Amino acid sequence: MTKLIRVLPVFALMGGCVIHEASDNDCCAPPPPDCCAQPPPPANYAPDVFEAAAGVYWDPGLHDDVWYFDSTVDDPDGPYDIASVWADVYDDRTDQYIDSFELYPTDDPYRWYSDWLGHSTYLDPWYGYYSVDFVVYDAYGATDYTTVWAGSY
């Protein structure tokens, strides 16, 4: 029992690290892995907005104006890396933000689209000074955007 009591303080002072000493025989051996190192983040490329269109039309069946937002986007990491696309509308005369509209993926992975009933928006179909920023976000937060004029009556 006294031998165990003498050895316990020695074990308590020992750390958990292993020291590797290079010798002439292992000059080309790789260094030991660092157990706490984080793997590098995956390479991520920013998405691209290739085409975009926004405008309004009258739907006689709904008896309302319909605002549409349409974009073609891609990502060098693949079209399925795209997380969301938004259309942010601004008044170009006053430089004020008006509203944002989420676009949704279609059957074509490169095309995102949405349309909104006129009475559900703050947009005036007769006002001709709206600009729309189409902003695309990928899964890692990289973005791209393009700005277009919104069509009106």
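**Burial, bridges and strands: how the labels are earned**

Q: What makes D91 a buried residue that has no salt bridge?
A: D91 is buried, which means that its relative accessible area is under 20% (exposed is over 50%, partly exposed lies in between; 1.4 Å probe, protein chains only). The nearest side chain of opposite charge, R93, is 6.2 Å away. A salt bridge needs a side-chain nitrogen of Lys or Arg within 4 Å of a carboxyl oxygen of Asp or Glu, so D91 and R93 do not qualify. For the charge count, Lys and Arg are positive and Asp and Glu negative, with His and the chain ends left out.

Q: How should these values be read?
A: The model is predicted, so local features need pLDDT of at least 70 and side-chain atom pairs need pLDDT 80 or more, while totals for chains, interfaces and linings use all residues. Residues are numbered from 1 along each chain as its sequence is written, and side-chain values use heavy atoms, with hydrogens and water left out.

Q: Which polar partners does D91 have?
A: D91, in strand β3, reaches the backbone nitrogen of R93 with its side chain at 2.9 Å. Its side chain also meets the side chain of Y127 at 2.7 Å. Both count because a polar contact is a pair of N or O atoms within 3.5 Å, one able to donate a hydrogen and the other to accept it. Beyond four places in sequence, D91 touches Q96, I98, Y127, Y129 and Y130 (contact means heavy atoms within 4.5 Å).

Q: How do you know whether D81 has a salt bridge?
A: D81 is buried, and R111, the nearest side chain of opposite charge, is 20 Å away. Set against the salt-bridge cut-off, D81 therefore has none. D81 sits in the loop between β2 and β3, in contact with N44, D75, D138, A139 and Y140 once neighbours within four places are set aside.

Q: Why is the pair R111 and D70 called a salt bridge?
A: The closest N and O atoms are 3.0 Å apart, which is inside the cut-off, so the label fits. The pair links distant parts of the chain, with R111 in β5 (residues 111-117) and D70 in β2 (residues 64-74), 41 residues apart. A search of the whole structure finds one salt bridge.

Q: Why is R111 called partly exposed?
A: R111 has 32% relative accessibility, so it falls in the middle class.

Q: How do you know that β2 and β5 pair?
A: Strands here are DSSP runs (E) of at least two residues, numbered from the N terminus. Two strands pair if DSSP finds at least two bridges between them. β2 and β5 have seven, in the antiparallel sense, so they pass. One example is Y68, whose bridge partner in β5 is D115.

Q: What joins β1 to β2?
A: Eleven bridges join these antiparallel strands, and D59 stands opposite D64 in β2. The two form a hairpin with four residues between them.

Q: What is the strand order of the open sheet?
A: The seven strands run β1-β2-β5-β4-β3-β6-β7, with antiparallel pairing. β1 and β7 (143-149) are the edge strands, as each pairs on one side only.

Q: What makes the phi values of H63 and D95 worth a look?
A: Most residues other than glycine have a negative phi. H63 has a phi near 55 degrees, and D95 one near 60 degrees. D95 lies in the loop between β3 (82-91) and β4 (96-105).

Q: Are H63 and D95 buried or exposed?
A: H63 has 63% relative accessibility, so it counts as exposed. D95 is exposed too, at 65%.
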